[in-house]
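Colleague: Hey, got a minute? I'd like to go through this one with you.
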Amino acid sequence: MHDRQSDEPGATSGRRARGELESGVLAALYGATEPLTARQVRDGLPGDLAYTTVLTILSRLYDKGMLVRHRAGRGYAYAPARDEATHTAERMRSLLEHGADREAVLTRFVSELSEEDEQLLQRLLSGHDGPQHIGRADEGP
Amino acid sequence: MLISVYVPLLITIVIALFAPRAAPLLAPRTAAWSLASAALVASLGWLGSLGLLAFAGLVQIPEVAQEGQWSVAAVRASDPVYLTVAGVAALALLSSVAGLAVAATRQVRHLRWARRECQQLPGETELAVLDMATPEAFALPGKPGRIVVSRGMLRCLGDREREALLAHERAHLRGRHHLFQTLWRLSAAVNPLLRPLSAAGGFVLERWADEEAAVRVGDRAVVARAVGRAALATSANRSRPALAATGGAVPQRVRALLAPPPPRRALPFVAGAALLVVCCGSLADAATDSEQMIETAQHAACVTAQAATAPAVPLHHGPCCEHEHLDGPVRHH
């Protein structure tokens with residue numbers, strides 16, 4: 001229902017899936033502390049993606065100027081181009097600080113925690129993870 | 001009229017009190033839609049009731065009655081709304097309408113700002129990353145909407161949790177959750193009693209997005225961990241002191257995600273639907289009564305005028321009969 005302008009549902013879902021993949025790739029590169037090769041990016045993404053698919057997305061993002069790359073073995077290692085993101089961050093920060101009321105249209109991922117909430121949350125997460133799973137989210141590919 | 005005009009006011013109060021409590025019992029998606037329709041009907045019912053009450057006072061003002069050619073005496077005889085009640089209703093109506101106008105202007109401005117930001121954020125990608133260490137993540141509605149996440153937030157999450165975060169924000173954008181929020185904000189501006197409903201709505205939207213993310217990622221615990229980690233990282237980074245009171249929204253979301261998916265419950269939904277029907281019914285009834293009251297009073301005024309000028313003219317052949325079958329005894333409601 002969000003793509004009424006498109007007549008062809010197949011094309012729409014294809015474009016949407018590509019957009020989502022781009023987001024996943026960008027998020028993975030920004031989340032990493034060092035440049036990643038296409039294979040490393042693929043291993044961090046959900047599902048069973050083809051290596052070439054990931055490579056295509058990386059090249060497209062590189063062409064858009066959103067990534068930088070350098071030679072790593074036979075291929076490239078990619079990292080986010082941070083100039084734009086830094087610039088945007090500054091503007092967004094000042095916008096958010098000056099217009100608290102703007103939160104009216106933003107849906108923040110998490111709201112603020114009280115100290116009690118913090119302790120409760122720690123208990124909930126550790127209780128569920130169990131000690132053997134604590135580091136699970138950080139494990140690399 | 002005596003009772004039916006007050007029914008929507010009563011229902012608004014019932015909705016304001018119980019809807020925020022009933023909402024968490026429903027599946028989030030159903031809850032959001034229920035709260036949206038509850039807010040809509042409560043606001044319209046509130047405005048409608050106040051309007052009819054104010055109207056009942058207005059028609060008792062002699063100058064107005066003269067203009068509309070009805071008999072003030074007949075209105076007073078048929079309608080038992082005290083002038084003070086009508087006056088209070090008129091004031092409440094004015095403040096509600098003024099509040100609505102202010103809130104609507106503000107909301108439109110914010111939505112325009114968000115849409116502009118969506119276009120100005122760099123890249124044409126769905127995700128716009130902010131290069132800042134503070135964890136921050138939100139959905140910015142626009143055409144198309146953008147997901148805005150800071151580098152700090154992405155760094156504090158694992159691979160699958162990042163996926164959960166993106167799926168969560170995507171659910172906000174796809175579901176057009178900002179429109180729900182707008183509706184609740186406006187209804188809270190119409191009637192401050194509906195503020196708790198608006199807050200409950202905000203929570204329900206987060207739960208809705210959490211559940212969609214859980215379906216997408218295929219693991220509720222991953223989403224729970226993503227929400228939990230993000231919240232802990234955010235509060236660790238916060239310069240201002242933590243809130244004193246237990247807000248509890250994040251722990252509630254995490255707890256709900258660690259539990260099995262919410263069951264579908266029909267009862268609160270059915271109860272809500274019944275309230276909405278009663279509200280609309282009473283409003284329609286009160287409006288019809290008001291209309292009949294005026295017609296009766298016009299007829300009475302006309303009859304009096306005729307009796308004064310030409311007492312011999314039979315009533316049912318006079319011009320007073322334009323209001324069809326009202327030549328019986330004056331009806332009281």
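Modeller: Sure. Before we talk about sheets, one term: two strands pair if DSSP finds at least two bridges between them. And keep in mind that this is a predicted model.

Colleague: OK. In what order do the 4 strands of the open sheet come?
Modeller: The order is E4(A)-E2(B)-E3(B)-E1(B), and the pairing is mixed. The edge strands are E4 (107-108) of chain A and E1 (127-130) of chain B, and each of them pairs on one side only.

Colleague: How do E4(A) and E2(B) pair, parallel or antiparallel?
Modeller: Antiparallel, over 2 bridges, with E2 covering residues 137-140 of chain B. If you want a pair of residues to click on, Arg108(A) has Phe138(B) as its bridge partner in E2(B).

Colleague: And what about E2(B) and E3(B)?
Modeller: Those two are antiparallel as well, with 4 bridges between them. A hairpin of 5 residues takes the chain from E2(B) to E3(B). Look for Ala139(B), whose bridge partner in E3(B) is Ile147(B).

Colleague: Then which way do E1(B) and E3(B) run, parallel or antiparallel?
Modeller: They run parallel, joined by 4 bridges, and E3 here is residues 146-150 of chain B. Ala128(B) is matched with Val148(B) in E3(B).

Colleague: Back to E2(B): which residues point which way?
Modeller: Ala137(B) and Ala139(B) point to one side, while Phe138(B) and Leu140(B) point to the other. All of them are buried.

Colleague: New topic. How many residues of chain B are in contact with chain A?
Modeller: 69 residues of chain B, and they meet 47 residues of chain A. Helix H7 (residues 159-174) of chain B gives the most to chain B's side, with 11 residues. By class, that side has 38 nonpolar, 17 polar and 14 charged residues.

Colleague: Does chain A get a sheet of its own? I mean, what order do E1, E2 and E3 of chain A take?
Modeller: They form an open sheet in the order E1-E3-E2, with antiparallel pairing. E1 (36-37) and E2 (67-72) of chain A each have a single partner strand, so one side of each is left without a neighbour in the sheet.

Colleague: How many bridges are there between E1(A) and E3(A)?
Modeller: 2, in the antiparallel sense, with E3 being residues 75-80 of chain A. Leu36(A) has Tyr78(A) as its bridge partner in E3(A). Helix H3 (residues 51-63) of chain A packs on this sheet and touches E2 and E3 of chain A. The direction of that helix makes about 125° with that of E2(A).

Colleague: Let's go to chain B as a whole. How many helices and strands does it have?
Modeller: Chain B has 12 helices and 3 strands. Of its 333 residues, 50% count as buried. Also, among contacts in chain B with a separation of 6 or more, 74% come from residues 24 or more positions apart.

Colleague: Why do you call H11(B) largely enclosed?
Modeller: Because 7 of the 10 residues in H11 (residues 249-258) of chain B are buried, the helix is largely enclosed by the rest of the structure. Among the buried ones are Val250(B), Val254(B) and Leu257(B), but Arg253(B) is buried there too.

Colleague: And Leu2(B), is that one buried or exposed?
Modeller: Exposed, because Leu2(B) has 12 C-beta neighbours inside 10 Å, and exposed means 12 or fewer. Leu2(B) sits in the segment before helix H1 (7-22) of chain B. Leu2(B) and Ser49(B) are 47 residues apart in sequence, and their C-alpha atoms are 12 Å apart in space.

Colleague: Last thing: what are the confidence scores like? What is the mean pLDDT of chain B?
Modeller: The mean is 83, and 89% of the residues in chain B reach 70 or more. Among the elements of chain B, H8 (residues 177-190) has the highest mean pLDDT, 94, and H4 (residues 72-78) the lowest, 77.

Colleague: Where in chain B does pLDDT fall below 50?
Modeller: One stretch is residues 241-246 of chain B, which has 11 contacts in the model beyond near neighbours in sequence. Another is residues 323-333 of chain B, with 21 such contacts. Where pLDDT is low, the predicted coordinates should not be read in detail.

Colleague: What does the model score overall, in ipTM and pTM?
Modeller: ipTM is 0.78 and pTM is 0.82.

Methods. Residues numbered from 1 in each chain as written. Chains lettered and ligands numbered in written order. Predicted model: local features only at pLDDT ≥ 70, side-chain atom pairs only at ≥ 80, totals over all residues. Buried ≥ 20, exposed ≤ 12 C-beta atoms within 10 Å, placed from the backbone. pLDDT = per-residue confidence, 0-100. Contact = placed C-beta atoms within 7 Å. Nonpolar A, V, L, I, M, F, W, Y, C, P; charged D, E, K, R; others polar. Axes fitted to C-alpha atoms, helices over the stretch in contact; angles between N-to-C directions.
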